[in-house]
Amino acid sequence: MRVSQADREKWNQRYREGAYAEREHPAAFLVEHVPGILAKQLNTTESSEPLRALDVACGAGRNSFYLAGLGYQVDAIDVSAEALNRAQSTRSDHDASIRWIEHDLDEGLPADLPLADLMVISRYLDLDLVTAALRQLRPGGYLLCEVHLATEQVVAGPNGSAFRVAPGALRDAAAGLEIISYWEGVMHDPDQAVVAVARLVGRVPFK
């Protein structure tokens, strides 16, 4: 189902009002895993072309800027024009390495995306996009996915099953990927908020 105009405007309004402005640093999950992944990829690639990354539901681009700073050529996708406008107005030494794409992810990924070496989904729930990683990543490409987890505990983040994955469902959606690591549980964010998340690092098998 396509994002309704009302939902699109809801997100645009949130970003116009300064939502997530305090989130200037990349997600801790990426900082934990991406440098090691990049080192492995640089050691195994034979191409002189830059490695490509796909930042799904990029918002105002904090993870996109981080990936570009590491040397990836980044395709950054979000439904909110306001979020992308904020991202493009942020001064960065790596602007030329990021392509900002306004797109309704409820329609899947854009058809004209190049294959990527890394795909990042940070706290955006759409298990179809997890499954799509098999088609969108090159052999040996990595998927990093962190989503809110359904729990009976009192935690920060969105309410309702539409925004939280059931236990085990993220791993099931990644069938076909080689699972490098998987974790579900309750933890503290860097701002000390208590959150429940599922975290997956997977890799497309080499043929």
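Arg123 is placed in the loop between β4 and α5, where helices (H or I, at least four residues) and strands (E, at least two) are DSSP runs numbered from the N terminus. The model is predicted, so that local features require pLDDT of at least 70 and side-chain atom pairs pLDDT 80 or more, while totals for chains, interfaces and linings use all residues. Residues are numbered from 1 along each chain as its sequence is written, and side-chain values use heavy atoms, with hydrogens and water left out.

Arg123 has a positive phi of about 60 degrees, although it is not a glycine. With a relative accessible area of 26%, Arg123 is partly exposed; the classes are buried, under 20% relative accessible area, exposed, over 50%, and partly exposed in between (1.4 Å probe, protein chains only). A positive phi is also found at Ala57, about 55 degrees, again in a residue that is not a glycine. Ala57 belongs to the loop between β1 and α3 (62–70). Most residues other than glycine have a negative phi. Gly71, just after α3, takes a positive phi of about 115 degrees.

Ser122 lies in strand β4. Ser122 counts as buried because its relative accessibility is 14%. Leaving aside residues up to four places away in sequence, Ser122 touches Ala27, Val56, Asn63 and Glu146, a contact being heavy atoms within 4.5 Å. Among these partners, Asn63 is one of the buried residues of α3, which also include Ser64, Phe65, Tyr66, Leu67 and Ala68. The buried residues of α3 pack against α2, β1, β2 (73–78), α4 (81–89), β3 (98–102) and β4.

Glu146 is found in strand β5 and is buried, with a relative accessible area of 2%. Beyond four places in sequence, the residues touched by Glu146 are Phe29, Ile121, Ser122, Arg123, Tyr124, Val197, Ala198 and Arg199. The C-alpha atoms of Glu146 and Ala27 are 9.5 Å apart in space, with their positions 119 residues apart in sequence. The side chain of Glu146 makes a polar contact of 2.5 Å with the side chain of Arg199. A polar contact is a pair of N or O atoms within 3.5 Å; within protein, one must be able to donate a hydrogen and the other to accept it, and residues adjacent in sequence count only if both atoms are side-chain atoms.

Arg199 is placed in strand β7 (residues 194–203). Its relative accessible area of 14% makes Arg199 buried. Apart from residues up to four places away in sequence, Arg199 touches Phe29, Glu32, Cys145, Glu146, Leu170, Ser181, Tyr182, Trp183 and Met187.

Helix α5 (residues 127–136) has Leu129, Val130, Ala132, Ala133 and Gln136 as its buried residues. They lie on the same side of α5 because they cover an arc of only 160 degrees around the axis, the arc being that of the directions from the helix axis to the C-beta atoms. An α-helix has 3.6 residues a turn, so residues three or four places apart point the same way. The exposed residues Asp128 and Arg135 are on the face of α5 turned away from its buried side. The cover over the buried residues of α5 includes β1 (52–56), β4 (116–122), β5 and α6 (169–173). At the N-terminal end, α5 is capped by Asp126, with a side-chain oxygen 3.0 Å from the backbone nitrogen of Asp128.

In helix α6 lies Ala173, which is buried at a relative accessible area of 13%. Ala173 touches Leu127, Val130 and Thr131, residues up to four places away in sequence not being counted. Ala173 and Leu129 are 44 residues apart along the chain, and their C-alpha atoms are separated by 8.9 Å.

The second largest pocket holds about 370 Å³ of space. On a 1 Å grid over the protein atoms alone, a pocket is an open set of points where a 1.4 Å probe fits, with protein on both sides within 12 Å along at least five of seven lines; lining residues have an atom within 4 Å of a point. Grid points are joined across faces, edges and corners, and the volume is the space filled by probe spheres set on the points. Of the 17 lining residues, Thr44, Thr45, Leu51, Asp117 and Pro139 are the closest to the centre of the second largest pocket. The elements giving two or more residues to this lining are α2 (28–44) and β5 (137–148), and β5 has the largest share, five residues. By class, the lining has five nonpolar, six polar and six charged residues; Ala, Val, Leu, Ile, Met, Phe, Trp, Tyr, Cys and Pro count as nonpolar, Asp, Glu, Lys and Arg as charged, and the others, Gly among them, as polar.
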